[in-house]
Structures are given as C-alpha cells and as structure tokens.
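User: I am new to protein structures, and I would like a careful look at a single topic, the aromatic side chains.

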Amino acid sequence: MEKQMENGVAHKEVLHDHDVLGKDVTREQAMHFGALTEEELVIEKKLRRKIDALVMPIVVSVYLMNYIDRNNYAAAKLQGLVEELDMTPADYQTGLSVLFVGYVLMQVPSNAVLNYVGRPSWYIGFFTLLWGLVSLVTSQVQSYKSIIGARFVLGLVEAPFFPGVLFYLSKWYTKKELNFRMALFYSGSLVSGAFGSLIAAGILSGLKGVRGLSAWRWLYIIEGSITMALGLVVIFFLPDFPDTWRKLSPEERHVANRRLAIDAAEADVDIGGAMSQIQGQCYNDNAIVEKYDVADRRPGIKLAFTDPKTYVLALGYHGITGAAGFQNFFPTLTKTLGFANIPSLLLCAPPYIFMVFWSLGHSHMSDKLGNRFWFYIYPVPIVLVGSFIFMFANNFGARYFSLFLLIFIFAMNGTIYAWIANSIPRPPAKRAAALAFINSVGNAASIWVSSTPP
C-alpha cells in the first residue's frame, strides 16, 4: 500500500483487494462487495419492478410538463403573443435566450443544495410547484419587459429539476440499467414535443377569447396548473432513497444498497449519509477508500472540477444541445411546409413520437452491449443528412422526412446522461456537482442557439 505525507499526515492513496479484504475486515464487509446471491437476484428483480412502477412514471410526467412549460413560448407565438405584447423579432429571440441564462446559473448551486438536503421529493416537488406557478402567472403579463422577467425566473426555478433527477436516478439504478431509464426519463421531453403541440393546438383553437383572454394566455394557465398538481404528487409520493422508502422490506433495502455498492465497488453514500460538497470526503477513483482523517477529504465540487472527464462530457453535451436548437423553432419549421397554424402544430407530433420508440430501443441496445461511444456517434451523420435535405429540398415529402432525421439528435441524450453517471459514479457529492456542471455547460448552448433562428 502506498502512502504519502502531507502536513505530517499519512494518506492512503491506493488500496488493493488484499488491503480491503484484510484481517480487520468482517465477513459482512467482505460479502458486501461480492456478487449478489441467487436469493438476492430474485429480490433485486422484484425491487427493480417496484422502482420502475413508481419512480419512472412520476419523473417522466414531471419532465414532460417541464419541457411543455419551457417551450410553450414557441406555440404561443403562433397565436398572437408577439402581436399582443408588441414584440419585435429581436425581442422574441431575447425571450427565448433569457430563460437559459437563469437555467444555467442555477444548476451547480442547486445540486449542491439537493445533495445536502437529502430529500429529493421535497426539493424537486417544491421547485415543480414553483415553476408551475411562474408559468401560470406568465398568462397575466402585459408587456415585453414583463414576459422577459417571467422567462428569466422560469429558467431559475426550472433549473433544479433536470440535473437533480439525473443525480436522483443514479442513486437507484446500476450502470447497466441506467441508459434505458435515462431514455425513459428523456422520453418525457420527446412526448412533450409531440403532445405539447397537440395540447397547444387544442387550446389555441378552442379557447380563443373565452372569458376575454387570448388563447396563448389559456395555454399558460392550463399547463401551469397541471404542473402545480404534479408538484404535489412529487412531494407526497416520490420516494427519496432506498434507505428511507418505507414500502421496501429490510431485505429489499439491503439489496438496493448492496447492488449499487457492487456496481461501483464502493458504498453510494457520502459522509454522514448526506452531502460532502463543503465538508469533503475521502475518495479514490480506482479503489474502495475508507475515511481516514479530515485532511484526506476533498469536497464533492472540487472532485468534480478536477476530473478531466467532467469537461470532456460537458463539451459533448454542449454540442448535442447546440445541434438540437431547432426544437425551439420546430413549429416554425413545420409551418414552412405551407400549412396554417393548427396543422403546423399537429405536424410537430409524428417525428417526436417516432423518436420516443427509437430512443428506447437505442438505449436498450446500448445497455445490452455495454457501449456508449458508438451509440453517441452514429446519430451524427443522420442529423447532418437531415439538415442538408431540409435546406435544399423543396417538396413537402422530402422536407418533412428531413425533420424525422433531424430528430435523431435526441437519441444521443439518454446515452450522454448514462455516460456521465457511469464515468463519474462515486461519491454522490462529486456526481451531483458534475451532473449539474455538465448540464449547465450543455444548456449554455441554448443561449446562443436561441439567437440564431432558422
């Protein structure tokens, strides 16, 4: 075992198997890092069904509304938002961009607080309620300045959800399970692209002028109210972590923690069971390292920012977000096909529905083959082909087909999310900070993309 001296304190840097399974290690501790027994595998299967049945429907539903609330700005544009608030094209672009300024600023601080609080249900549920309220109140704006302010605040209060849920899911699922669950989670945004447009089409065609309100105002009222209701569901029904979920038996709780420990080769807890963003903890990328002394502990944020993988993955995600910027203008793209407002919104749905099913199959195969790189790479040429077809084709069939190819950019999202969680698995404080930073850098692309309309 190698040691080094710093400030007069000995630090253990590398632990090998014989160091972990030495004389002082109990049988229970040694078994903790072995393979699951046959009995535990049976329990694991039942456990996974329980998690999938409760956790995934809740987070997917909330993410669906997260995307709808964020992107209803584009749908509202088609039904009088710009004219009623006397906005210029530059004003509209500013409204698109300013949301992501608030969104990016709040990412890392939010995940640091989430990991410290240790109650995802309360934390995520509170912010879900808050952004639903902001969306609802947006229906009452009367000027360009007021909607810019509302969009900025919406970005601030929406920011905690996405990186928070990525961190949250990584506390429930193993590496081989994560890509498919990330794809299920991200399918919420794809479904929102489809059904958000259908909902908008129904509201815009049926509620125009009701109670003296424009259709786009009803869009914000209805969708904001639904989001607030989902926030209450999160608070009261979303379990926090396996250790605290009362519906799990002691055996299921044990297996839930043990399988994640085996998967990462170390326990998935921080010091004190909560956060180490400030206090810090002992950690080594290649070994199971116990706590030795305060001087040997590094804060989670420092661990994340000194890992080169954090920056490589952040740049990769930034590229995906930049390439996916067309989603902010998707109704505008379908309108170039020559249809009126309502048909243009309806035409948004099929490409997104197609991608829901494709991305699930894509992620399932990525998990099954244990590969992230090639599943990250192959959509790139497909998206490029779609871009060229849309730019140079003139007939409806070719241009609409190109939208199905452009949408392949979203197949990469589940893969990059799982890749992040797999590459920076432990400790949780580091993972939380890294996920937030990567998502922040990735979504920073939305600021400049929003200012470069098609």
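Which residues form one aromatic cluster?

Analyst: In this predicted model, the residues that form one aromatic cluster are Phe 339, Phe 354, Trp 358, Phe 396, Tyr 400, Phe 404 and Phe 408. Residues are numbered from 1 along each chain as its sequence is written, and side-chain values use heavy atoms, with hydrogens and water left out. Because the model is predicted, local features need pLDDT of at least 70 and side-chain atom pairs count only at pLDDT 80 or more, while totals for chains, interfaces and linings use all residues.

Across the whole structure, a search finds 32 aromatic pairs (rings of Phe, Tyr and Trp, the last by its six-membered ring, with centres within 6.5 Å; planes under 30 degrees apart are stacked, over 60 edge-to-face, the rest tilted). Tyr 73 and Tyr 92 make a stacked pair, because their ring centres are 4.6 Å apart and their planes lie at 5 degrees. Since Tyr 73 belongs to helix α3 and Tyr 92 to helix α5 (residues 89-117), this pair ties together parts that are 19 residues apart in sequence; helices here are DSSP runs of H or I with at least four residues, numbered from the N terminus.

Tyr 73 counts as buried (under 20% relative accessible area, with a 1.4 Å probe and protein chains only) because its relative accessibility is 0%, and Tyr 92, with a relative accessible area of 3%, is buried as well.

Tyr 92 also has a charged neighbour, for Lys 77 lies over its face at 4.6 Å from the ring centre; such a charge is NZ of Lys or CZ of Arg within 6 Å of the ring centre and within 35 degrees of the ring normal. Elsewhere, the charged end of Arg 399 sits over the ring of Phe 390, 4.2 Å from its centre.

How values were computed. Helices (H or I, at least four residues) and strands (E, at least two) are DSSP runs, numbered from the N terminus. Buried means under 20% relative accessible area, exposed over 50%, partly exposed in between (1.4 Å probe, protein chains only).
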